[in-house]
2 protein chains.
Amino acid sequence: MQIVITGGAGFLGQRLARSLLKQGNLPDRDGQLQTISKIILVDVVAANGFDDARIEQITGDITDSALLERVITTQTAAIFHLAAIVSGQAEADFDLGMRINLDASRLLLERCRACGHVPRVIFTSSVAVFGGVLPAVVQDHTALNPQSSYGTQKAIAELLLNDFSRKGFVDGRVLRLPTISVRPGKPNQAASSFASGIIREPLNGLPSVCPVAPNVRLWLLSPRKVIAALIHGYSLSADALGKSRTINLPGISVTVADMVAALERVAGKDVAARVEWKHDAGIDRIISSWPGAWDASRANALGFTGDRSFDDVIRAYIDDDLPAA
Amino acid sequence: MQIVITGGAGFLGQRLARSLLKQGNLPDRDGQLQTISKIILVDVVAANGFDDARIEQITGDITDSALLERVITTQTAAIFHLAAIVSGQAEADFDLGMRINLDASRLLLERCRACGHVPRVIFTSSVAVFGGVLPAVVQDHTALNPQSSYGTQKAIAELLLNDFSRKGFVDGRVLRLPTISVRPGKPNQAASSFASGIIREPLNGLPSVCPVAPNVRLWLLSPRKVIAALIHGYSLSADALGKSRTINLPGISVTVADMVAALERVAGKDVAARVEWKHDAGIDRIISSWPGAWDASRANALGFTGDRSFDDVIRAYIDDDLPAA
C-alpha cells in the first residue's frame, strides 16, 4: 500500500508519517489490513530525520501538474492533503493562498480523477470556515460564512471534495480541525499561532505574547488527537459517511484565561507569568470570527475522540515535545 | 454609466437589458442617478432584436481572459454575471460546468480586481446550493450541502464573491434565485425545466411531461420579479449588506399539483389536462434535494419583493410572453 502526504515536511505531515510507519499497515476499502510499502512526503523542502526505506521524499510545487503526476498514481491508496498556506499568511498574500489552498486542492482531485481508481483522499479543514453571527455551539447544519481568505479557500476545498466524492472520482473525507494546540516548534503566520505559543514558549523558558483578550474562547485539539483522527478518518468506510464527507472533529472549548490557568496548574506560577497580554486588532478580528465550540456528536458516533482536558493537553506536549532541560 | 451582462443573449440577460434600456439610468455608489450610456451583452451568440445604440454585443468564451479584458474595464460600473451552465447539463458534463460556472466566475472577479475601481458585481445563485436533510423552511444560517455539481459550483462562486467583496476587490452581491417559472421559450437542460414547461407548453397548445411526483414542493419566482430583483440588488448600498453578500430572494412555495391546479383555474381544464405525469428518477433526485421554501425575511427587509400567487405568475406569463393566438 502506497500513501501520499502533502505538506509532508510540516509538523503534522512528519508526525503522521511516523505514526503510519510505526503502525505498519492500514485497512484497504474491503477492511483488510495491508502493509504500508511506501509513504511519499511531498513538500517544498525535505523533512529531516527519516531513516526508513519506506519513506520517499519529493520536493516541489504541488500546483505543478507534472509533480502531481509523479506523486499520485494508480498505486496510491491514500492521500493525506495537509499542504496549506496558514490563515495569517493567506490573508496577507491572497494570490498565494488561492494557489495553494484552492488550486492545488483542485489539481490534486483532478489528478486522482484521471487515475480512475477512486483513492481515499483526506483533506483537513478548519474552524475558519465559520464566522459572522454564530450560535454558541456550531452545529453540523450551520452555514459556512468565512471571514478570512483562508476560511474561504478551505470552504471551497470542502465543497470540491464533497462533489468529487459524490461523482465517484475520489473517496474523500474532510476533517474540520479545531485549532491545534500545543503545536511544537516555532511561531508561524497562522492567526492562531499564539494558541500554542502561550503554552509552548513559557514551558521553554521564553516570554510569549497573547494578542487576544482573556475571555476569547477557542476550540482546541492536541497534535496526538489530530494524528489519530487523520488515521481514523482514512479508515472509515464510505458508507458510514452518508451524504456529507465533512466531519467536525471533537475539541475542547476553553478561554485563553482557562489555558493560562491550566498552564499555571501544570507548570507553576512563574511559568504562566511569562505570558504577556498585548492586543493585536488584526489577529483578534480573525480569531473572534471563529467558533468557540461546535457539536461533535457525528464525529463521536463515527468513533473520533478528543482530549479530556487542557491540562492533559499540556502534559502531552511536555511528554512528546518538550526538549529535555 | 457602462454595464456588462454576461449570458446577455439568454432569456434573463435580454430581458434585463430591455428593462435597463427602458429605465435609462441607475444609481452610482453615492446614490446619484447616472444615465446608462452602454450595455455590453456578452454571450456565445448574439441576441436578436436589439435596435439601440446603447447596446454593444460581444460574442466569445467568457473563460478567455483577453475577452474579459475587452469587456470589463475601469469604465464598467456594474457587471450582471448571468452566464451559466444549467443544472442538468453541469451534471452531465462536469468539466464544462466547472469551466463556466466556476472558472469564468473567478476570472471575472480577478479581472474586476485588476481594474482596481471596485465595480458592483451581481451574481445569481440557486436553490441548488442546498440539499441533504433540510428543515421545512431553509434559513439564512442553514448550511450549504449541494447534491449536484451545479449547486457545488454556484456555492463556490458565492464564497468567492463574498471574499473578493470582503477584501475590497469588488462590491459584490449574490442573489439566490428560486426556480424561475414561467420561463418563456423552449425546454432547456435544467433539471427544473419542467417547472416552466408544465405551464408554458399547455398554454401553447402542446403536451408537457412532469417528471416528478405531484407532491414535490418547489420554491418559485417569476421572470418579472427576477429582473426587478437584479436591478434592486445592484442598487443596494454595500453598507446595507453587512457581513454576507448573499441574499435568499423571496419566492412562493407550491407543490407541482398546486401549479397544475392554478393552471386549471386560470386557463381551464382542457389546458391543464395537457400535463402528462411520467417519473424521471434522475430529475427527481436533483429536484427533491432542493428546498421547497426558505425564509426570505432578510430579502424582504432589504426591499426585495416576490410574487403574490402562482395564479398571478401564470397571468403575467400570458401577458408578457404568450404569443397572440
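The following exercises, with worked solutions, concern a predicted model.

**Exercise 1.** Determine how far strand 7 of chain A is enclosed, and which residues lie on each of its faces.

*Solution.* Step 1: take one side of the strand, where A:Arg120, A:Ile122, A:Thr124 and A:Ser126 are buried. Step 2: take the other side, where A:Val121, A:Phe123 and A:Ser125 are buried. Step 3: apply the cut-off, since buried means under 20% relative accessible area. Step 4: conclude that strand 7 of chain A (residues 120-126) is largely enclosed by the rest of the structure, because seven of its seven residues are buried.

**Exercise 2.** Identify the strands that pair with strand 7 of chain A, and state the direction of each pairing.

*Solution.* Step 1: on strand 6 of chain A (residues 76-81), four bridges lead to strand 7 of chain A, and the two strands run parallel. A:Ala78 has A:Arg120 as its bridge partner in this pairing. Step 2: strand 8 of chain A (residues 171-177) is joined to strand 7 of chain A by seven bridges, again with the strands parallel. Here A:Phe123 has A:Val174 as its bridge partner. Step 3: follow the chain from strand 7 of chain A to strand 8 of chain A; the path passes through helix 5 of chain A (residues 149-166), and the resulting β-α-β crossover is right-handed.

**Exercise 3.** Describe how helix 5 of chain A is placed against helix 4 of chain B.

*Solution.* Step 1: choose the descriptors; two packed helices are described by the angle between their axes and the distance between the axes. Step 2: the axes of helix 5 of chain A and helix 4 of chain B (residues 94-115) come within 13 Å and cross at roughly 160 degrees. Step 3: angles over 145 degrees count as roughly antiparallel, and therefore helix 5 of chain A is roughly antiparallel to helix 4 of chain B. Step 4: the crossing of these helices is right-handed. Step 5: list the residues in contact, namely A:Leu160, A:Asp163 and A:Phe164 from helix 5 of chain A, and B:Phe94, B:Met98 and B:Leu102 from helix 4 of chain B.

**Exercise 4.** Establish the burial of strand 6 of chain B and its pairing with strand 1 of chain B and strand 7 of chain B.

*Solution.* Step 1: five of the six residues of strand 6 of chain B (residues 76-81) are buried, and the strand is mostly covered. Step 2: five bridges pair strand 1 of chain B (residues 2-6) with strand 6 of chain B in the parallel sense, with B:Val4 opposite B:Ile79. Step 3: four bridges pair strand 6 of chain B with strand 7 of chain B (residues 120-126), also in the parallel sense, with B:Phe80 opposite B:Ile122.

How values were computed. Residues are numbered from 1 along each chain as its sequence is written. Chains are lettered from A and ligands numbered from 1 in the order in which they are written. This is a predicted model: local features need pLDDT of at least 70, side-chain atom pairs count only at pLDDT 80 or more; totals for chains, interfaces and linings use all residues. Side-chain values use heavy atoms; hydrogens and water are left out. Buried means under 20% relative accessible area, exposed over 50%, partly exposed in between (1.4 Å probe, protein chains only). Two strands pair if DSSP finds at least two bridges between them. A crossover is right-handed if, with the strands pointing away from the viewer, the path from the first strand over the helix to the second runs clockwise. Axes are lines fitted to C-alpha atoms, for helices over the stretch in contact, and angles run from 0 to 180 degrees between N-to-C directions. Angles under 35 degrees count as roughly parallel, over 145 as roughly antiparallel, 65 to 115 as roughly perpendicular and the rest as oblique. A crossing is left-handed if the near helix is turned anticlockwise from the far one by less than a right angle, and right-handed if clockwise. Contact means heavy atoms within 4.5 Å.
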